[in-house]
Structures are given as structure tokens and as C-alpha cells.
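Reader: I'm used to gels and binding curves, and I'd like to learn how to read a model like this one. Could you walk me through it?

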There are 2 protein chains.
Amino acid sequence: MNEQQLFIRIGSNIREMREERGMTQQDLAARCNMEKSNISRIEAGRTNLTARSAWKISQALGVKLGALFEVDF
Amino acid sequence: MNEQQLFIRIGSNIREMREERGMTQQDLAARCNMEKSNISRIEAGRTNLTARSAWKISQALGVKLGALFEVDF
DNA sequence: GGGACAGTTATCATATATGACAACCACGCA
DNA sequence: TGCGTGGTTGTCATATATGATAACTGTCCC
């Protein structure tokens, strides 16, 4: 797995959990105090997100931090 | 849990797994192609590490990416 | 004392994540 | 047609992660 695939996989995890909860990107951004453009970039795997951002997202989704990072080894 | 505690917890996870494997920070840095000073900052929780760095570290330690982020919710 | 090793800390330059904001696209609906 | 909503993309400024490097501390052993 290369780096780009990693980001895409993390972003897909986030998107999946967000949609399961019936939230829009705007909803999630508001709960995270983050920009919706940033959420979009993260979900699309276009950015190398930080632990801080991941943490805020995990809190907003009500999941464990590690859940965002479950990718095939 | 605040942000600083989060970083410290992640750093402690990394340190613990590194030491379990009998590696020095220098060893880990070399396997990650990262600076040893950076490893030191990350383990001490003084930096908001990125997914890329976490990924390289997890590969070098031979653990799943999510394992680095196992923190109390 | 002195050398080797592990880790920490400081500084500087560079790359980039994010915030802030705007424009845009696609879609559904009235 | 037009409007609202969800998402994407672009730009700019700022903050900061990291690389590169060096100096420093503490420890262990000769």
C-alpha cells in the first residue's frame, strides 16, 4: 500500500462512518470546528491529516480514534 | 482527554512498542527514514504527528496503523 | 578521565495542513 | 427555470510538522 492509497483508505473510513450516522460533511465540520473544505479533502484522501484532526473527527463521530486508521496492513 | 494528553498517549504507545522490539530511537528512525529528533519529539508527545509519519512508524514496528492510536476514548 | 551510546533540545529552512473564503458542479424539487 | 443542498475545488495566509544538523545530558564501561 502506498501513501496515496493510505490517505484514501482513511478518508473512506471517515466517509463511511459519517454517512452511517446520517451526517453531511457540513454537519461533521461544524461538530469538529473544522472547515467543510478540509473535511472534503480529508475524505477524498487528498491530504495527510494530523492526529489532532483525526481526533476531532473521531470525537464528532463518536468512535474510537483507532477506528479511523483501520487499514489493511 | 485534551490534545496534549492525546499526543502523549500516542507517543507512549510508540515508545512501548519500540522498546518491546529492542529498538533504539535511532534504529526506528533509520527504518522509517525519519530524523531521530523527530522520533524523540513524537514519542514525547510534543508534536501533532501526521498520518504519513504514523504509517511509516507502524510499518517499521510491524504493527497495524490503528495500534498507534489506541487511546482511551 | 575519556569514549561510545541513547536520548533530548535548539535552530533554521522547507513543505504542507488547515482556516477562511469564494466559486463552482450535480442533483432534486417546486 | 430557478432555488436549496451537498460536495468539490481553488486561492491566500498562517501555523506547524519535518528534515537537517549540532550541541548537550546522562549512563555505562574501559
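Author: Happy to. Keep in mind that this is a predicted model. Let's start with one residue: B:Asn33 is exposed, because its relative accessible area is 71%.

Reader: Where does B:Asn33 sit in chain B?

Author: B:Asn33 is in the loop between α2 (25-32) and α3 of chain B.

Reader: And what is there to say about the phi of B:Asn33?

Author: The general idea comes first. Most residues other than glycine have a negative phi. Now the case here: B:Asn33 has a phi near 55 degrees, which is a positive value in a residue other than glycine.

Reader: What about A:Asn33, what is its phi?

Author: Phi of A:Asn33 is near 60 degrees, again positive in a residue that isn't glycine. A:Asn33 lies in the loop between α2 (25-32) and α3 of chain A, and with a relative accessible area of 70% A:Asn33 is exposed.

Reader: Next up, A:Met34. Is it buried or exposed?

Author: Buried: the relative accessible area of A:Met34 is 12%, and the cut-off for buried is under 20%. A:Met34 also belongs to the loop between α2 and α3 of chain A.

Reader: Which residues is A:Met34 in contact with, leaving aside its neighbours within four places in sequence?

Author: A:Met34 is in contact with A:Ala29, A:Ile39, A:Ile42, A:Ser53, A:Lys56 and A:Ile57. Take A:Ile57 from that list: A:Met34 and A:Ile57 are 23 residues apart in sequence, while their C-alpha atoms are 9.0 Å apart in space.

Reader: Where is A:Ala44, and how far is it from A:Ser12 in space?

Author: A:Ala44 is in the loop between α3 and α4 of chain A. C-alpha to C-alpha, A:Ala44 and A:Ser12 are 7.3 Å apart, with their positions 32 residues apart in sequence. A:Ala44 is partly exposed, at 23% relative accessible area.

Reader: On to cysteines, since I always wonder about reducing agent. How many disulfides does the structure hold?

Author: A disulfide is a covalent bond between the sulfur atoms of two cysteines. Here the count over all chains is zero. As for individual cysteines, A:Cys32 is buried, with a relative accessible area of 3%, and B:Cys32 counts as buried at 4%.

Reader: How do I read the relation between the chains?

Author: In general, two copies of a chain are related by a rotation about an axis and a shift along it. In this model, chain B superposes on chain A after a rotation of 180 degrees with 0.0 Å of shift along its axis, at an RMSD of 0.0 Å. That is the relation of a two-fold axis.

Reader: Through which surface do the copies meet?

Author: The same one: 100% of the interface residues of chain B are also interface residues in chain A, so the copies meet through the same surface.

Reader: Now the DNA. Which residues come nearest to strand C?

Author: There are 22 residues around DNA strand C, and A:Ser53, B:Arg15, B:Gln25, B:Ser40 and B:Arg46 come nearest. By class, that surface has three nonpolar, eleven polar and eight charged residues. Both chains take part: α3 (36-43) and α4 (51-61) of chain A, along with α1 (3-20) and α3 (36-43) of chain B, each supply at least two residues.

Reader: Which parts of strand C lie within 4 Å of the protein?

Author: Of the strand C atoms within 4 Å of the protein, 71% belong to sugar or phosphate and the rest to bases. On the phosphate side, a backbone N or O atom of B:Gln25 lies 2.6 Å from a phosphate oxygen, and a side-chain N or O atom of A:Thr50 is 3.1 Å from a phosphate oxygen. On the base side, a polar side-chain atom of A:Ser37 lies 3.0 Å from a base nitrogen.

Reader: And which residues come nearest to strand D?

Author: Of the 22 residues around DNA strand D, the nearest are A:Gln25, A:Ser40, A:Arg46, B:Glu35 and B:Ser53. For strand D, 70% of the atoms within 4 Å of the protein are from sugar or phosphate.

Reader: What distances separate phosphate oxygens of strand D from side chains?

Author: Three examples: an N or O atom in the side chain of A:Arg46 is 2.3 Å from a phosphate oxygen of strand D, the side chain of B:Asn38 has such an atom at 3.0 Å, and that of B:Thr50 has one at 3.2 Å.

Notes: Residues are numbered from 1 along each chain as its sequence is written. Chains are lettered from A and ligands numbered from 1 in the order in which they are written. This is a predicted model: local features need pLDDT of at least 70, side-chain atom pairs count only at pLDDT 80 or more; totals for chains, interfaces and linings use all residues. Side-chain values use heavy atoms; hydrogens and water are left out. A residue is near a molecule or strand if one of its heavy atoms lies within 4 Å of it. A polar contact is a pair of N or O atoms within 3.5 Å; within protein, one must be able to donate a hydrogen and the other to accept it, and residues adjacent in sequence count only if both atoms are side-chain atoms. Helices (H or I, at least four residues) and strands (E, at least two) are DSSP runs, numbered from the N terminus. Ala, Val, Leu, Ile, Met, Phe, Trp, Tyr, Cys and Pro count as nonpolar, Asp, Glu, Lys and Arg as charged, and the others, Gly among them, as polar. A disulfide is a pair of cysteine sulfur atoms within 2.5 Å. Buried means under 20% relative accessible area, exposed over 50%, partly exposed in between (1.4 Å probe, protein chains only). Copies are superposed by least squares on the C-alpha atoms of residues with pLDDT of at least 70 in both. Contact means heavy atoms within 4.5 Å.
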